[in-house]
Amino acid sequence: MGKIVLVTGAARQLGGRFVRRIQRDPGVDRVIAVDAVAPSHQLGDAEFVAADIRQSGIARILAERAVDTVVHLDVSAKASGGGGRTTVKETNVIGTMQLLGACQKSPTVQRLVVKSSTNVYGSAPRDPAVFTETTPPKSLPSGGFAKDAVEVEGYVRGFARRRPDVAVCVLRFANILGPEPDSPLADYLALPVLPTVFGYDPRLQFVHEDDVVDVLEIAAGEPRRGTLNSGTFNIAGDGVLLLSQCSRRLGRPTVPLLLPAVTWVGSALRTIGMTDFSPEQIRLLTHGRVVSTVQMRETLGFRPEFTTAETFTEFARSLGAGLLPPDRVGRAVGRLAELPLAGGPAGTTHSTHGAR
C-alpha cells in the first residue's frame, strides 16, 4: 500500500504545485490537501479538505485518513485569503502547534516535513560571512516572520524529542523567487523604485520555485541510497547577488536613504498595502544573509537546477522591464562611449603648437 500524504497550505501557489507533483510519485497512494480557504488552482486528483490548522479538527483528519506523511507548507510571511499580521502569526505558530499535537497523537504518522526559512538566522552587523545549520544567530529575531520561524522550529524540535520514531525534516529556504513569487521580498523588488539603506549593499541568496518543489519531494519520500533526509537543511541556489546587482538587472533605480528614513518609508508602504516592508526585511536589506548548502548537497543529496543568479533572471523576466531596462542602459552607455571628445571628431588629436 502506498503512502498517504497530507499537505497543509494547499491554497498557496507553492502548496498547489507540490500537491500536483507528489501525486505523480508511484509510491504515493493518496494525497490530502488542506487549507482554510479554497484554492484557485487545480489540485489534480488530491482530496481537498477545507480546514483551519489552528483548530483541533486537524487531528480528526489525520486519524480518519490514516495519514503517514505530513508536509507542512502553511508557514509563510504573507496571509492567504486576506488577513493581516495577526492572522499570519496565528497560522504559523498556533497552527503549527495544533498540527504537531495531532501528529504526536497519531499512531500512523511516520514522516514530517516542515517548510522553514533562513530568516531564523536573523541579519545583524556582526553576523558570520556564511551561516551553517548549526550556527547560532548573533541576535534572535525580535518579531515578524523571522520570529515565527524560530518558534515553529522550536516546537518541531520538541515534537522530534517526543516522537523519535517519526522522521523529521526541516528545510530552511532562502528567499524563494521565480515566475510566480509570493513573498514580501518579491513585492519589494517589484516596486518601480527601490528604497535602500545608505552605505550598505547586502549579499542575497535565492532559491527557485521549481527547486523548492523538487527538494520537498525528496524530503517527503524515503531517503535515497547514500543520503539522509532527516534533520535540518539550508536550501539555496549557488552563488550570491548584491542588492545593487539585483536593481540593475531589474532596471529599477535605487534611492539610498538613511536608516530612519527607510524605516519611515517601510511603515508608509505597509500602511498603503504595497508591500510588507517589515523591520526584519529592512535588516536583511542592510546586512544581507548567506548560508552554507554543503549539507544540502552531501547529506540530503540535492543539487538545485538554478543558481541564485539564474533564479533572479527568471524572476526579473516575469516582472518585465523596469524604468531603466538594462539593455537600453547598455546601448546608451555604448553610444556615449562612441561620442568624440569635446573639441574635435573621434580619433583626432589636438595640436599643442604654440602652447606655453
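This report covers the nonpolar cores and the salt bridges of a predicted model.

Local features are reported at pLDDT of at least 70 and side-chain atom pairs at pLDDT 80 or more, while totals for chains, interfaces and linings use all residues. Residues are numbered from 1 along each chain as its sequence is written, and side-chain values use heavy atoms, with hydrogens and water left out.

**Nonpolar cores**

A nonpolar core is here a set of buried Ala, Val, Leu, Ile, Met, Phe, Trp, Tyr and Cys residues joined through side-chain atoms within 4.5 Å. Buried means under 20% relative accessible area, exposed means over 50%, and partly exposed lies in between (1.4 Å probe, protein chains only). The largest core has 32 residues, of which Val71, Leu171, Phe173, Leu216 and Ile235 touch the most other members. Two or more residues each come from strands E1 (3–8), E2 (28–35), E6 (167–173) and E11 (231–235) and from helices H1 (13–22) and H6 (209–220). Helix H6 gives the largest share of this core, seven residues. Helices (H or I, at least four residues) and strands (E, at least two) are DSSP runs numbered from the N terminus.

Leaving aside residues up to four places away in sequence, Phe173 touches Lys115, Ser116, Ser117, Thr118, Val207, Val212, Val215, Leu216 and Ile235; contact means heavy atoms within 4.5 Å. A second core, separate from the one above, has 27 residues, including Ala102, Cys103, Val156 and Val166. In soluble globular proteins, nonpolar side chains tend to be buried together.

**Salt bridges**

A salt bridge requires a side-chain nitrogen of Lys or Arg within 4 Å of a carboxyl oxygen of Asp or Glu. The count by this rule is 22. Three pairs are listed below.

| Pair | Closest N to O |
|---|---|
| Arg17 – Asp210 | 2.6 Å |
| Glu47 – Arg65 | 2.6 Å |
| Arg317 – Glu314 | 2.9 Å |

Arg17 is in helix H1 and Asp210 in helix H6, so their salt bridge ties together parts that are 193 residues apart in sequence. Asp210 counts as partly exposed because its relative accessibility is 24%.

Glu47 belongs to strand E3 (residues 47–50) and Arg65 to helix H2 (residues 57–65), so this pair joins parts 18 residues apart in sequence. Glu47 is partly exposed at 24% relative accessibility, whereas Arg65 is buried at 15%.

Arg317 and Glu314 both lie in helix H11 (residues 308–319), three residues apart, or about one turn of the helix. Arg317 is exposed at 57% relative accessibility, and Glu314 is partly exposed at 24%.

A network of salt bridges links Arg12, Asp74, Lys78, Asp182 and Asp187.
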